[in-house]
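Here is a short tour for a reader meeting this structure for the first time. Look at the fold, then follow the text.

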Amino acid sequence: MKRLLGLVLCLCLFLGRALAEEPVALEQVEIEGFIGFAVPVGWEAAQLTDEQIEKGVMVAARSKELNFQFVLHFQLMDDSMTVEDYAAAFQEDETYSQVELIENQHGTKIIRFGFADQSLAGFYVPGTYGIMYIFTYFSSDHTPIHMDDPVFAQLMEDSLQAVYLVEAE
């Protein structure tokens, strides 16, 4: 009887933890003529300053509940480099502890990354018109981002799978 009760208690603890880590719900958005991507439902969008916009910031949002912030910005790519070249360069850069070149469900090549100091994680998406889109996630209270955290790992995976490049007409 004691073993059965112990097993039931362990199962309850396991289920309680699993239910507490519900997937982050995402909604699809598109920047017309450029890129489509997913943002977490209910996240608060930040009002961008002129300076942020001039630096290429396109979207900034945060979730008080999850203690994460999200920023999407862009920079111009070096025309002489391929996505594979960028991935190789990032792998050699000690800033990164994790760099992985993947292809998502839309056939978009993406470079997933994590900083060595665990301050940032995210992914690079080489786009059309010589633009590199950079999706970054970081904690609001500056605690480390752990790539193996189940909630964060699911958020990253679902987000990068949702990215697609808008075809030029």
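Where is the place of tyrosine 129? Tyrosine 129 sits in the loop between strand 8 and strand 9. The model is a predicted one. In that loop, tyrosine 129 has a phi near 65°, a positive value in a residue other than glycine. Its relative accessible area is 51%, over the 50% cut-off, so tyrosine 129 counts as exposed.

**The sheet**

Now to the strands on either side of that loop. Strand 8 and strand 9 pair in the antiparallel sense, over 6 bridges. Across this pairing, phenylalanine 123 stands opposite phenylalanine 135 of strand 9. The two strands belong to an open sheet of 7 strands. The order is 3-4-5-9-8-7-6, and the pairing is antiparallel. Strand 3 (44-45) and strand 6 are the edge strands, each pairing on one side only.

**Two helices against the strands**

Helix 3 lies across strand 6, strand 7, strand 8 and strand 9. Helix 3 runs at about 160° to strand 6. Helix 4 packs on the sheet and touches strand 5, strand 6, strand 7, strand 8 and strand 9. The direction of helix 4 makes about 10° with that of strand 8.

Which residues of helix 3 are buried? In this helix (residues 83-92), they are Val83, Tyr86, Ala87 and Phe90. Seen down the helix axis, the buried residues of helix 3 fall within an arc of 100°, so they line one face. An α-helix has 3.6 residues a turn, so residues three or four places apart point the same way. The cover over the buried residues of helix 3 includes strand 6 (96-103), strand 7 (109-115), strand 8 and strand 9.

**The nonpolar cores**

In soluble globular proteins, nonpolar side chains tend to be buried together. Here the largest nonpolar core holds 25 residues. Phe37, Phe70, Phe123, Val125, Phe135, Phe152 and Val163 touch the most other members. At least two residues each come from strand 2 (35-40), strand 5 (68-76), strand 8 (121-126), strand 9 (131-139) and helix 4 (150-162). Helix 4 gives the most, with 5 residues. Another core, of 13 residues, lies apart from it. Val99, Ile111, Met132 and Ile134 are among its members.

What does phenylalanine 123 contact, beyond its neighbours within four places in sequence? The list includes Ile110, Ile111, Arg112 and Phe113. It also includes Tyr133, Ile134, Phe135 and Tyr137. Met156, Ser159, Leu160 and Val163 are in contact with phenylalanine 123 too.

**From strand 4 to strand 5**

Serine 63 is in strand 4 (residues 57-63). Is serine 63 buried or exposed? Its relative accessibility is 8%, under the 20% cut-off, so serine 63 counts as buried. Leaving out residues up to four places away in sequence, serine 63 touches Trp43 and Phe68. The side chain of serine 63 also reaches the backbone nitrogen of leucine 66, at 3.1 Å.

Asparagine 67 lies in the loop between strand 4 and strand 5. Asparagine 67 is not a glycine, yet has a positive phi of about 65°.

The table sets out accessibility for three residues discussed here.

| Residue | Relative accessible area | Class |
|---|---|---|
| Serine 63 | 8% | buried |
| Asparagine 67 | 23% | partly exposed |
| Tyrosine 129 | 51% | exposed |

Key
Residues numbered from 1 in each chain as written. Predicted model: local features only at pLDDT ≥ 70, side-chain atom pairs only at ≥ 80, totals over all residues. Heavy atoms only, no water. Core = buried A, V, L, I, M, F, W, Y, C linked by side-chain atoms within 4.5 Å. Buried < 20%, exposed > 50% of the residue type's maximum accessible area, 1.4 Å probe, protein only. Helix = DSSP H or I, 4+ residues; strand = E, 2+ residues; numbered from the N terminus. Contact = heavy atoms within 4.5 Å. Polar contact = N/O pair within 3.5 Å; in protein donor to acceptor, adjacent residues only side chain to side chain. Arc of directions from axis to C-beta. Pairing = 2+ DSSP bridges. Axes fitted to C-alpha atoms, helices over the stretch in contact; angles between N-to-C directions.
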